[in-house]
Amino acid sequence: MTARHALVVTVSILIWVNQSPAPIVEEEKPTPAPQQSEAPKPKHSKRSTSNAEQSPAAQTETKSKSAPAPVSQGPARFAGMWTGKVNQGLLGHVPTSVTVNSTATSVELSHNLGGAMRPVALNGNSITWKSGVAGEITWTLTPNSDGQTAQVTMKGLMLNDTTTFRRGPK
């Protein structure tokens, strides 16, 4: 089967497919801090509890509670394997993975997407690349602030899908 014949068959199938409704994507909202009815009253003690006088274990515990783990910046925030399920028309929601190299200059698609390496364009908070027989499908990966999930958008000739991918192996 020639590439042109495959393209004609693919386009014909896509024209006959009824589009499924877009998946529901819920916004992630931070949980509100619990409210206290009264401010706690300070206890008076003769002993000081400054960081200089605390045990090393207590100081480490205090430091770990005060600052959340930093989120990777630059190309590192995209690097690694991302997995999720993408709506692929008649095939339904297919498990999919993309692996972004450490410099965020290329992405390797999972076998069901062709299994090829594609060049990536870095656009601030997201990366984009193209796939398909003629590069007709545009993908966008935008990591969330937690560093472990990302919004992945696929826009093609007849199929459009936005879903959440997770960092790490399948």
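**Figure 1. Arg 77 and the ring of Phe 78.** In this predicted model, the charged end of Arg 77 is placed over the ring of Phe 78, at 5.6 Å from the ring centre. Arg 77 also serves as a reference point for Ser 126: the two residues are 49 apart along the chain, and their C-alpha atoms are separated by 9.6 Å.

**Figure 2. Surroundings of Ser 126.** Ser 126 belongs to strand β6, which spans residues 126-131. Its relative accessibility is 13%, and Ser 126 therefore counts as buried, the limit being under 20%. When neighbours within four places in sequence are set aside, the residues in contact with Ser 126 are Phe 78, Ala 121, Thr 140, Leu 141 and Thr 142. Phe 78, one of these contacts, is the residue whose ring lies beneath the charged end of Arg 77.

**Figure 3. The aromatic pair formed by Trp 129 and Trp 139.** The count of aromatic pairs in the model comes to 1. The ring centres of Trp 129 and Trp 139 are 6.0 Å apart and the ring planes stand at 0 degrees, so the pair is classed as stacked. Trp 129 is located in strand β6 and Trp 139 in strand β7 (residues 137-143); the pair therefore ties together parts that are 10 residues apart in sequence. Both Trp 129 and Trp 139 are buried.

**Figure 4. The open sheet and its edges.** The sheet is open and consists of 9 strands, arranged in the order β4-β3-β2-β1-β9-β8-β7-β6-β5 with antiparallel pairing. At the edges are β4 (117-119) and β5 (121-123); each has a single partner strand, so one side of each remains without a neighbour in the sheet. On average, and with direction ignored, neighbouring strands of this sheet are turned by 25 degrees against each other. Strands of a sheet pair through backbone hydrogen bonds, in either a parallel or an antiparallel manner.

**Figure 5. The pairing of β1 with β9.** Strand β1 (residues 80-87) and strand β9 (residues 160-167) run antiparallel and are joined by 2 bridges. Thr 83 stands opposite Arg 166, a residue of β9.

**Figure 6. Ala 104 in the loop between β2 and β3.** The loop that contains Ala 104 lies between β2 (93-100) and β3 (106-109). Although Ala 104 is not a glycine, its phi is positive, at about 55 degrees. Ala 104 has a relative accessible area of 3% and is therefore buried.

Conventions
Residues are numbered from 1 along each chain as its sequence is written. This is a predicted model: local features need pLDDT of at least 70, side-chain atom pairs count only at pLDDT 80 or more; totals for chains, interfaces and linings use all residues. Side-chain values use heavy atoms; hydrogens and water are left out. Two strands pair if DSSP finds at least two bridges between them. Helices (H or I, at least four residues) and strands (E, at least two) are DSSP runs, numbered from the N terminus. Axes are lines fitted to C-alpha atoms, for helices over the stretch in contact, and angles run from 0 to 180 degrees between N-to-C directions. Buried means under 20% relative accessible area, exposed over 50%, partly exposed in between (1.4 Å probe, protein chains only). Contact means heavy atoms within 4.5 Å. Rings of Phe, Tyr and Trp (its six-membered ring) pair if their centres lie within 6.5 Å; planes under 30 degrees apart count as stacked, over 60 as edge-to-face and the rest as tilted. A charge sits over a ring if NZ of Lys or CZ of Arg is within 6 Å of the ring centre and within 35 degrees of the ring normal.
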